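Hi there,

Here is the structure I promised to pass on to you. My notes on what turned up in it follow below.

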Amino acid sequence: MDWKTIIYVILLISLTVAKALPRTSRDIEEKTSIGQRFSQLQENNFKAIALIMFAQYVPGGTFSRVAGMAEGVTALAKRCAVAASDSPDCLKPLDSIFLDTICQEENLPRFADCCAKKDPKRNDCFLSLKNSSRGFLSPLERLDAEAACRNHSQHQQPLTGHFIYEVSTRYPFLYAPTILSVALRYEEMVKNCCGSAGGASHHLEECFQRQAPKVMKPVREDALRQEHTCEILKKFGERTLKALKLAQISQKFPKADFVSVHKLVVEVADMHRDCCRGDTLDCMRDREEILHYVCTNQHILSSKIRQCCEKPLLKRSECIVNAENDNKPADLSPHVREFIEDKGICDRFAQEKDTHLARFLYEYSRRHPEFSAQMLLRIGKGYEDLLQKCCRPGAPSGCHSRGEEELRKHIYETESVMKTSCDIYKEKGDYYFQNELLMSFTKKMPQLTSKELIKFTKEMTAIGSKCCQLGQDKLLPCAEEHLDLVLGEICRRHLANPINPGVCRCCSSSYAFRRPCIGKLEIDDSYVPLALTPGLFAFHGDLCTMEEEKLQHRKQEMLITLLKYKPQISPEQLGSITAAFSAMRERCCRETNPEACFLKEGPELIKRSEKMLSA
């Protein structure tokens, strides 16, 4: 059986299992035994899932070691299934069996502390060691095209298995169905390139280089989103995640009733809980169950997902996520006055607080697809604060109307921030817009390295390129939801290595208000500026010969160093120093010996600049 067949069978079986066993029944039953899982998936399918799990749990483990552990667990599962054994090994929870296998391996010292713990703390410990490795080379970027084609024709299954291992080790938070899906795209790429390149090595390399980014781009994006979602769940709790999903699902399915939307929200939150814990098999089952529910109930959910539900299983989830929001019901009133004016509002708030707030968020979200989900959460929090203030005994008359004024003010401020950012982007273009962001974020977070600051601001600039061309009805959802991913990366970086108290406050206090909080950060007063040492600013002849893209990168590094040296520098001072640098570079690059010119002119530029900054 080849890998393509294996992958389809895995997902089809998991869908069948989900349909056959409703969640309410499964939740109160014992976990499925390893023998039962083996019987459901069959040997090769079980082995593929085991390979993913071990590769994600043992970062740095070699392919042979990970594959060996997968073989060992598969052999145990096979024995348990054949003999229907009631031996202790067969009756252990599946996650315990996988962790026992890792802990029995020799020469894995970094896991010793985790292995000393009892379940479920042991699993939590292993999950805490998972780290995203997006900075590593892509498995496709170092692939030998000729060897891949040769191996593909002779040993198709090991080649795809090795690719699954490579992706799993680099993306330990990536859901197993996504990895299996990208393995299909990889297999298709290898087949296309190896079959059409005519054997010439340069044609093979060109084909692989052209198609590899298309294969890997969705993986990187999906991995980032999944890690981001898990961090929201871990940091802010299930209530916040459910509120976020309620806003997003209400926007996508505005015709669906509250009960149907609420059911989906609970199912999706449960799925993320399983997936973020690393429960790969339950994670797969949960996803397929949600897909089944959505597609069998599309008549009450959305008219925009029919084509998605007709797609092959592997493409269905991505299609539904990216589908357009359904049209709002024709009879949907533009306002939600009943949540403000109804006389019984305070009683309902007191008796069923969370349900009442969820209904408000549902009603408001389905009416406003032009708002971002994060903004809708801020509106929901504002409504909650309003009721807490206005429902108290002795609250002044007109209390509710003042809350409405605050809401309008917040909407205006948010729209203004996005519009101003897009105006700057359209005026300056990618490079100079990124420089504006570098100036802002270096002052807010000078503890970040130059590489980190350039990476994060480059991602933000890409958001401008993607979102600022959209109409006003799509700008906010596009811009803030993509920006939320970047800010999530920054906050995870802070969690791993604290940046400063301001970033700590913004990353910890409120998910919904994280973007406005970071936006309002100013110069970090706790930062001790860099000292002016002889090597802090160095100018050499390569400034005349490097390609434009590398020159821009070098200039950005110098800009960051300057801001870390003088965080209080004014825009006028910065403009003068930049102009002086450009003039020096132009002068020296005309000389026959640019290096000698820079050695002479560089220190003089630094001396003049220091004098100006000290004035």
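**The loop between α8 and α9**

Asp 119 is found in the loop that links α8 and α9. Please keep in mind as you read that this is a predicted model. With a relative accessibility of 38%, Asp 119 counts as partly exposed, because buried would mean under 20% and exposed over 50%. Setting aside neighbours within four places in sequence, Asp 119 is in contact with Ser 96 and Leu 99. Leu 99 is 20 residues away from Asp 119 in sequence, and their C-alpha atoms are 9.5 Å apart in space.

The next residue along is worth a look as well. Pro 120 also has its place in the loop between α8 and α9, and the peptide bond from Asp 119 to Pro 120 is cis, with omega near 5°. For context, most peptide bonds are trans.

Just after this loop comes helix α9, which covers residues 121-129. Which of its residues are buried? They are Arg 122, Asn 123, Cys 125, Phe 126 and Leu 127. These buried residues of α9 pack against four helices: α4 (43-57), α7 (94-103), α8 (112-115) and α14.

**Other loop residues**

Asn 107 is placed in the loop between α7 and α8. Its phi is near 60°, which is a positive value in a residue other than glycine. In general, most residues other than glycine have a negative phi. Is Asn 107 buried or exposed? At 65% relative accessibility, Asn 107 counts as exposed.

Thr 32 sits in the loop between α2 (23-28) and α3 (34-41). Its relative accessibility is 24%, so Thr 32 counts as partly exposed. Apart from neighbours within four places in sequence, Thr 32 is in contact with Arg 37 and Gln 40. From C-alpha to C-alpha, Thr 32 and Lys 92 are 9.7 Å apart in space, while 60 residues separate them in sequence.

One loop residue also carries an annotation. UniProt lists Asp 279 under "binding site", in an unreviewed entry. In the model, Asp 279 lies in the loop between α14 (258-276) and α15 (280-296). At 24% relative accessibility, Asp 279 counts as partly exposed.

**The chain as a whole**

The protein chain has 30 helices and zero strands. It has 615 residues, and 50% of them count as buried. Among the contacts in the chain with a separation of 6 or more, 72% are between residues 24 or more positions apart.

**Three helix pairs**

I also went through some of the helix packing, and here are three pairs to look at on screen.

- α21 and α22: helix α21 (residues 353-367) packs with helix α22 (residues 373-390) at an angle of about 135°, and their axes are 10 Å apart. That angle makes α21 oblique to α22. The crossing of α21 past α22 is right-handed. The residues of this contact divide into nine nonpolar, four polar and two charged. On the α21 side they include Phe 360, Leu 361 and Tyr 364, and on the α22 side Leu 376, Ile 379 and Tyr 383 are among them.

- α23 and α24: the axes of helix α23 (residues 399-444) and α24 come within 9 Å and cross at roughly 145°. α23 passes α24 in a right-handed crossing. Among the residues that make the contact are Phe 433, Leu 437 and Phe 441 of α23, along with Leu 453, Ile 454 and Met 460 of α24. The residues of this contact divide into eight nonpolar, six polar and two charged.

- α24 and α28: helix α24 (residues 450-467) and helix α28 (residues 548-565) pack at an angle of about 115°, with axes 10 Å apart. That makes α24 roughly perpendicular to α28. Here, too, α24 passes α28 in a right-handed crossing. Ser 450, Leu 453 and Ile 454 of α24 make the contact with His 553, Gln 556, Glu 557, Ile 560 and Lys 564 of α28. These residues divide into three nonpolar, three polar and two charged.

If you want one place to start, try the cis bond from Asp 119 to Pro 120, and then follow the chain into the buried residues of α9.

Best wishes

Terms used. Residues numbered from 1 in each chain as written. Predicted model: local features only at pLDDT ≥ 70, side-chain atom pairs only at ≥ 80, totals over all residues. Heavy atoms only, no water. Axes fitted to C-alpha atoms, helices over the stretch in contact; angles between N-to-C directions. Helix = DSSP H or I, 4+ residues; strand = E, 2+ residues; numbered from the N terminus. Parallel < 35°, antiparallel > 145°, perpendicular 65-115°, else oblique. Left-handed = near helix turned anticlockwise from the far one by under 90°. Contact = heavy atoms within 4.5 Å. Nonpolar A, V, L, I, M, F, W, Y, C, P; charged D, E, K, R; others polar. UniProt positions renumbered as here; feature names shortened; annotations may be inferred. Buried < 20%, exposed > 50% of the residue type's maximum accessible area, 1.4 Å probe, protein only.
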